[in-house]
Amino acid sequence: MSDTTPCAGLLCTHPALQARAETLCHHYALARIQRAPEQGYFLQLVNEGLALHNVGSKDMSPVRVDFVGGALGHRLRFGGGRGQPLARAVGIKPGFNPVVWDATAGLGRDAFVLASIGCPVTLCERSPVLAALLDDGLQRARLNREIGDWVESRMTLRFGDSARQLTTLTAAQAPDTIYLDPMYPAGKSSVLVKKEIRAVQQLVGEDRDSQVLFETALQVATRRVVVKRPQRAGPLHDRIPTTSIESKKTRYDIYVTLLKATPC
Ligand SMILES: C[S@@+](CC[C@H](N)C(=O)[O-])C[C@H]1O[C@@H](n2cnc3c(N)ncnc32)[C@H](O)[C@@H]1O
C-alpha cells in the first residue's frame with residue numbers, strides 16, 4: 001500500500017452512542033477524537049450510523065455503507081438477479097449458490113449483490129476505516145425488516161488480511177469461490193470518479209501486494225477464483241484466465257481451480 005491519506009479517527013458526541021463508539025474504536029484500532037479535523041478524513045458516529053467525512057473536499061456529503069437505501073437498494077430491486085455477469089462469474093447456477101469469500105470487501109457492494117442472490121459471503125477487509133463502515137452498514141441492515149434475515153444469515157465480516165486469513169481455513173471451511181477486486185491505479189479521469197471510489201483509493205492506495213493474495217486464493221478456492229478488472233486492463237499479474245465474462249465497464253476473469261471432485 002502507498003500514497004494514502006490518513007483518517008484522523010472517530011468522533012462521537014452523542015451520549016447514547018458512546019459504548020458503540022468505544023467498541024468500534026477498540027475492534028478496528030481507531031483513534032477517538034474530540035473534534036473534527038480542519039482538513040482530511042474522519043469518521044463520525046451519529047444516530048443514522050457511521051459516516052466518513054472529508055473536510056475540505058468539494059463534495060461535502062459523507063460516505064456510508066448503506067445496504068438498505070441508496071444505490072445498493074436500487075441495484076437489489078433492479079440489478080438483474082442471478083443472470084447478471086457478476087453472478088455468472090462466481091458460478092451461480094440454477095439450484096447452486098457457491099460459498100464466496102470476498103477477499104477485497106471495500107464498501108461491500110459486490111458482496112451485497114451476491115448475498116442478495118443467495119450466496120453465503122464472507123467479507124474480508126483489512127482497512128480499519130472501511131471495515132468499521134462495513135460493520136456499521138451490516139449492523140443496520142440486520143435490523144431491516146425486508147433484508148435483515150438474509151443479511152444476518154449470509155453476510156459475515158472479517159477484519160484483517162485475506163491472504164493470511166485464508167491460509168488458516170480448514171479444508172471444510174474453504175470457500176467454493178474467492179472473489180478479488182484489487183485497487184486499480186487511479187487513472188487520469190480520477191477527478192470524475194464517484195466520491196466513494198475516490199475515498200477508497202485515497203484511504204488504501206494501490207494494492208501493490210495483490211500477487212500474494214492472488215496466489216493464496218488459487219491454492220484455497222475449491223472451484224474458482226474470480227478477478228474483477230477494468231474492461232481494458234490486462235489480466236492480473238499477466239496470468240491468463242480460464243475464461244472471462246464481460247459487462248459494460250468491467251471484465252470478470254475466471255480461474256478454475258476445481259479442487260472439489262463433484263461437478264457444480
Ligand atoms: C476496489 S476495493 C473493493 C471494492 C468492493 N469490491 C466493493 O464492491 O465495494 C479493494 C479493497 O480491497 C481491500 N484489500 C486489498 N487487499 C486486501 C487483502 N489482502 N486483505 C483484505 N482486504 C484487502 C482494500 O483495502 C480495498 O478496500
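In this predicted model, helix 5 lies across strand 1, strand 3 and strand 4. Its direction runs at about 145° to strand 4.

These three strands belong to an open sheet of four strands. The order is 2-1-3-4, and the pairing is mixed. Strand 2 (32-33) and strand 4 (49-55) stand at the edges. Each has a single partner strand, so one side of each is left without a neighbour in the sheet. Strand 1 (residues 7-11) and strand 3 (residues 40-46) run parallel and are joined by three bridges. Within this pairing, Leu10 has Leu43 of strand 3 as its bridge partner. Strand 1 also pairs with strand 2, again in the parallel sense, over two bridges. Here the bridge partner of Leu10 is Arg32 of strand 2. Leu10 thus has bridge partners in strand 3 and in strand 2.

A second open sheet has seven strands. Its order is 7-6-5-8-9-11-10, and its pairing is mixed. The edge strands are strand 7 (155-159) and strand 10 (243-246), and each pairs on one side only. Neighbouring strands of this sheet are turned by 20° against each other on average, direction ignored. Inside the sheet, strand 5 (residues 100-102) runs parallel to strand 8 (residues 177-180). Three bridges join the two. One of the residues involved is Asp102, whose bridge partner in strand 8 is Tyr179. Helix 5 (residues 128-142) packs on this sheet as well, touching strand 6 (121-125) and strand 7. The helix direction makes about 155° with that of strand 7. Helix 5 therefore contacts strands of both sheets: strand 6 and strand 7 in one, and strand 1, strand 3 and strand 4 in the other, with contact taken as heavy atoms within 4.5 Å.

The ligand site was examined next. There are 21 residues around the ligand. Asp110, Glu125, Asp161, Ser162 and Asp181 come nearest. By class, the shell has nine nonpolar, five polar and seven charged residues. Helix 4 (109-117), strand 6 and helix 8 (195-204) each supply at least two residues of this shell. Strand 6 thus serves two settings: it is touched by helix 5, and it supplies residues to the ligand shell.

Three of the nearest residues make polar approaches to the ligand. A polar side-chain atom of Glu125 lies 2.7 Å from an oxygen atom of the ligand. In the side chain of Asp161, an N or O atom is 2.8 Å from a nitrogen atom of the ligand. Ser162 contributes through its backbone, where a polar atom is 2.9 Å from a ligand nitrogen atom. On its own, the ligand has 610 Å² of accessible area, and the protein covers 96% of this.

Terms used
Residues are numbered from 1 along each chain as its sequence is written. This is a predicted model: local features need pLDDT of at least 70, side-chain atom pairs count only at pLDDT 80 or more; totals for chains, interfaces and linings use all residues. Side-chain values use heavy atoms; hydrogens and water are left out. Two strands pair if DSSP finds at least two bridges between them. Axes are lines fitted to C-alpha atoms, for helices over the stretch in contact, and angles run from 0 to 180 degrees between N-to-C directions. A residue is near a molecule or strand if one of its heavy atoms lies within 4 Å of it. A polar contact is a pair of N or O atoms within 3.5 Å; within protein, one must be able to donate a hydrogen and the other to accept it, and residues adjacent in sequence count only if both atoms are side-chain atoms. Accessible areas come from the Shrake-Rupley method with a 1.4 Å probe; for residues, only the protein chains shown count as cover. Ala, Val, Leu, Ile, Met, Phe, Trp, Tyr, Cys and Pro count as nonpolar, Asp, Glu, Lys and Arg as charged, and the others, Gly among them, as polar.
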